[in-house]
Amino acid sequence: MKKIFILLFFIFLSTGCYDYKELNNLAIISGIALDYDNDENKYKLTFEILNDDKVVDDLESSHKTYYVNGEGRSITDAFNNANLEINKISYYSHIKAMIISEEIAENHAEDFIDYFIRNSYINNLFYILVAKNEDAHKILESTNVENRIISESIYKLMDNSALGNSLSIKVTLENYISLYVNPMQDIHLPSVTLDDDKLKLQGIAIFHKNELKDILNFNETQTLNILFDENKNAYYQFKCDNDENKYESIDVYEQKIDYKISKNKVVITANLMAKIEENQCKYNLKDKKTYIKLQKDFEKIINEDFENLFKILKENNSDVLGINYKYYKDNNKKLNFQDLDFEIKTNINLNKNGLIFEVKNDNK
């Protein structure tokens with residue numbers, strides 16, 4: 001028994017040393033940017049790679065990453081040529097974000113999806129974003145003191161947005177592939193750009209048959225987030241009756257969305273849980289009549305936002321909500337998305353100081 005214990009001890013000890021040596025020999029890739037040069041007909045790939053601790057100690061504090069580029073007529077060539085520039089083993093399991101150009105998203109998505117599916121050593125849970133008005137590699141290489149590792153900054157921005165303000169929608173590579181192969185639901189992707197050379201999230205890019213049609217603003221994005229039933233915090237406000245320079249605002253923190261889809265019409269019921277976030281109007285929040293007024297005011301604003309979003313989606317024939325897909329699953333038939341009429345029914349439950357008032361419009 002003692003001999004077995006000693007043998008196991010040396011096995012674990014040896015294994016630990018081996019793993020340690022292997023870790024030091026890994027080039028840990030944190031971010032990827034993918035562009036396409038139409039003039040040269042080449043893919044252009046950029047890796048953001050984490051510097052090891054010893055290198056970081058010898059450099060300025062902002063130099064936590066370095067970049068390697070590769071290009072080729074195919075995705076495989078671009079990856080292989082990038083790896084030739086790395087004197088370590090490329091490690092893809094730590095990828096946080098991938099930025100693709102608009103050209104890649106519209107015309108070359110199938111190529112990189114095929115490559116990623118075939119390579120099991122690349123995880124598919126990192127976030128994917130489309131670059132707005134910029135080459136993807138310029139955004140990935142925009143390191144500064146505030147954002148020393150761009151891919152991790154994007155990852156945190158996406159998570160904070162989803163939890164804090166619903167101004168973006170998280171899409172992993174796995175989600176993106178599912179949307180891409182679904183012929184009855186259009187793609188949506190978060191977008192990112194540079195503003196005065198600083199990293200900045202934009203709204204959601206909406207597509208139709210892989211063509212980028214529009215990029216929603218933040219208000220439209222948070223409304224879409226509600227309809228996806230994934231919103232955590234969406235803010236709405238209106239001006240006070242007695243002072244146009246002051247506002248009443250609420251935070252929609254939970255929702256339940258129900259779709260009823262017929263051949264010509266979509267009826268969406270949105271049951272929203274909300275709390276009063278700011279009361280600059282100095283309304284009497286102990287009076288139930290106040291909540292009836294607030295309900296009517298907010299319901300009007302939110303319904304207008306819903307209707308505006310439906311208009312944008314129809315104009316662009318962008319079925320990112322998967323209406324066609326939902327209908328097909330139940331009826332085995334397809335719809336013409338642009339011919340559909342949309343009706344929204346909103347019920348708001350207002351929560352103040354632990355009290356919940358469910359206020360419904362009697363005119364409905």
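Q: Which residues does Y67 touch, not counting residues up to four places away in sequence?

A: A contact list shows which parts of a chain meet a chosen residue once its sequence neighbours are set aside. In this predicted model, Y67 touches T46, F47, E48, L140, E141, T143 and I150. Y67 itself lies in strand β3, which covers residues 65-72.

Q: Which atoms make polar contacts with the side chain of Y67?

A: Here one looks for the partner atom and the distance. The backbone oxygen of L140 lies 3.0 Å from a polar atom of the Y67 side chain, and the side chain of T143 makes a polar contact with the side chain of Y67 at 2.4 Å.

Q: Is Y67 buried or partly exposed?

A: The relative accessible area decides this, and for Y67 the value is 24%, so Y67 counts as partly exposed, given that buried means under 20%.

Q: How far is Y67 from L50, 17 residues apart along the chain?

A: Separation along the chain and separation in space are two readings, and it helps to take them together. The C-alpha atoms of Y67 and L50 are separated by 8.9 Å. A second pair to read in this way is Y180 and N210, which are 30 residues apart along the chain and have their C-alpha atoms separated by 8.0 Å.

Q: Where is Y180, and what is it in contact with?

A: Y180 is placed in helix α8, residues 173-180. Leaving aside neighbours within four places in sequence, Y180 is in contact with A109, E110, I113, I187 and N210. With E110 there is a polar detail to add, since the side chain of Y180 reaches the backbone nitrogen of E110 at 3.4 Å.

Q: How do helices α9 and α10 pack?

A: For a pair of helices one reads the angle between the axes and the distance between them. Helix α9 (residues 218-227) packs against helix α10 (residues 288-315) at an angle of about 95°, and their axes are 10 Å apart; the two helices are therefore roughly perpendicular to each other. On the α9 side the contact is made by N219, E220, T223, L224, I226 and L227, while α10 brings D305, F306, N308, L309, F310 and I312. Sorted by class, the contact of α9 with α10 has 7 nonpolar, 3 polar and 2 charged residues.

Q: Why is α9 described as largely enclosed by the rest of the structure?

A: One counts how many residues of the helix are buried: in α9 this holds for 8 of the 10 residues, so the helix is largely enclosed by the rest of the structure. The buried residues are E220, T221, Q222, T223, L224, N225, I226 and L227, and they pack against strands β8, β10, β11 and β12 as well as helix α10.

Q: What is found at the N-terminal end of α9, and what follows the helix?

A: The ends of a helix deserve a separate look. N217 caps the N-terminal end of α9, with a side-chain oxygen 3.1 Å from the backbone nitrogen of N219. D229 follows α9 and has a positive phi, near 65°.

Q: How many residues does the largest nonpolar core have, and which elements supply it?

A: A core is read by its size, its best-connected members and the elements that feed it. The largest nonpolar core has 46 residues, and those with the most contacts inside it are L224, Y236, I250, V252, I268, L321 and I323. At least two residues each come from β8, α9, β10, β11, β12, α10, α11 and β13, and α10 gives the most, with 10 residues. Taking L224 as an example, the residues it touches beyond four places in sequence are I169, I204, L216, L309, V320 and L321. There is also a second, separate core of 41 residues, which includes I32, I86, L173 and I177.

Q: Is S249 in strand β11 buried or exposed?

A: S249, placed in strand β11, is buried, with a relative accessible area of 8%. Its contacts, not counting residues up to four places away in sequence, are Y236, Q237, K275, I276, E277, E278 and F298.

Q: What about N119, which is in a loop?

A: A loop residue is read with the same questions. N119 sits between α5 and β6 and, at 13% relative accessibility, counts as buried. A polar contact of 2.7 Å joins the side chains of N119 and Y121.

Terms used:
Residues numbered from 1 in each chain as written. Predicted model: local features only at pLDDT ≥ 70, side-chain atom pairs only at ≥ 80, totals over all residues. Heavy atoms only, no water. Helix = DSSP H or I, 4+ residues; strand = E, 2+ residues; numbered from the N terminus. Contact = heavy atoms within 4.5 Å. Polar contact = N/O pair within 3.5 Å; in protein donor to acceptor, adjacent residues only side chain to side chain. Axes fitted to C-alpha atoms, helices over the stretch in contact; angles between N-to-C directions. Parallel < 35°, antiparallel > 145°, perpendicular 65-115°, else oblique. Nonpolar A, V, L, I, M, F, W, Y, C, P; charged D, E, K, R; others polar. Buried < 20%, exposed > 50% of the residue type's maximum accessible area, 1.4 Å probe, protein only. Core = buried A, V, L, I, M, F, W, Y, C linked by side-chain atoms within 4.5 Å.
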